[in-house]
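Hi there,

Here is the structure I promised to pass along. Have a look at it first, and then read on for what turned up.

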Amino acid sequence: MPLTLDRTSPTTARVTRFFAAPPERVFATHTEPELVRHWLTGPEGWIMTRCEIDLKPGGHFRYDWQSIDGSAGFHLLAEILEVEAPSRILHVERMYLPDETPPNRVETLFQAQDGGTLMVMTMQVETAETMEAMLATGMTDGMEASYAKLDAGFLEG
């Protein structure tokens, strides 16, 4: 099932997606670097070149992406605020495109549903203009491309 995005307020967006795997497995694929780097590659023609995750409150993660031809790249840095394995992660992230974007507070829930997992990701920024700019990047297409890869073979445990 492809992701859905709902704009719940001018500064908040909620992404939902169902995965046919238990929450423990979906959580693992989002938190173990050796798994993340295989599926979180974004649209065709991009690769993840760096994946570091220190999964604890006060920890950080960093993801770097580069186009295969080397002509473009960007990265994400995040501070982890709360972790409740395997059901919830709260963090604040910033993208570097190359300029730093405003902070994005992200809560990701992994909820058991219908023999699988409903992932609910709520993103909150400070201004409506920031949300508009974020959505205009085509991020949902990149997210769905990556989630389709996850569905296609990385959820088996």
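**What turned up**

Let me begin with helix H1, which spans residues 23-31 and is mostly covered: eight of its nine residues are buried. Those buried residues are Pro23, Arg25, Val26, Phe27, Ala28, Thr29, His30 and Thr31. Please keep in mind as you read that this is a predicted model.

Next comes the largest pocket. It holds about 1,000 Å³ of space. The lining is made up of 43 residues, and of these the closest to the pocket's centre are Trp65, Leu76, Glu93, Met95 and Met143. Sorted by character, the residues of this lining comprise 28 nonpolar, 13 polar and two charged.

Thr16 deserves a paragraph as well. You will find Thr16 in strand E2, which runs over residues 12-19. Its relative accessibility is 17%, and buried means under 20%, so Thr16 counts as buried. What does the side chain of Thr16 join up with? A polar contact of 2.5 Å links it to the side chain of Thr4. Leaving aside residues up to four places away in sequence, Thr16 touches Pro2, Leu3 and Thr4, and also Leu118, Met119 and Val120.

Now for the backbone, where two prolines come up. The peptide bond leading from Ala85 to Pro86 is cis, with omega near -5 degrees. Pro86 sits in the loop that connects strand E5 (73-84) with strand E6 (88-96). The peptide bond from Leu97 to Pro98 is cis too, with omega near 15 degrees. Pro98 belongs to the loop between E6 and strand E7, the latter covering residues 104-113.

One more backbone spot is Asp114. Although Asp114 is not a glycine, it has a positive phi of about 50 degrees. Its place is in the loop between E7 and strand E8 (116-124). Is Asp114 buried or exposed? With a relative accessible area of 71%, and with exposed meaning over 50%, Asp114 is therefore exposed.

If you would like some places to start when you open the model, here is a short list:

- Thr16 and Thr4, for the polar contact between their side chains
- Trp65, Leu76, Glu93, Met95 and Met143, for the centre of the largest pocket
- Pro86, for the cis peptide bond that follows Ala85
- Pro98, for the cis peptide bond that follows Leu97
- Asp114, for its positive phi

Happy browsing, and all the best!

How values were computed:
Residues are numbered from 1 along each chain as its sequence is written. This is a predicted model: local features need pLDDT of at least 70, side-chain atom pairs count only at pLDDT 80 or more; totals for chains, interfaces and linings use all residues. Side-chain values use heavy atoms; hydrogens and water are left out. Helices (H or I, at least four residues) and strands (E, at least two) are DSSP runs, numbered from the N terminus. Buried means under 20% relative accessible area, exposed over 50%, partly exposed in between (1.4 Å probe, protein chains only). A polar contact is a pair of N or O atoms within 3.5 Å; within protein, one must be able to donate a hydrogen and the other to accept it, and residues adjacent in sequence count only if both atoms are side-chain atoms. Contact means heavy atoms within 4.5 Å. On a 1 Å grid over the protein atoms alone, a cavity is a set of points where a 1.4 Å probe fits but cannot get out, and a pocket is an open set with protein on both sides within 12 Å along at least five of seven lines; lining residues have an atom within 4 Å of a point. Grid points are joined across faces, edges and corners, and a volume is the space filled by probe spheres set on the points. Ala, Val, Leu, Ile, Met, Phe, Trp, Tyr, Cys and Pro count as nonpolar, Asp, Glu, Lys and Arg as charged, and the others, Gly among them, as polar.
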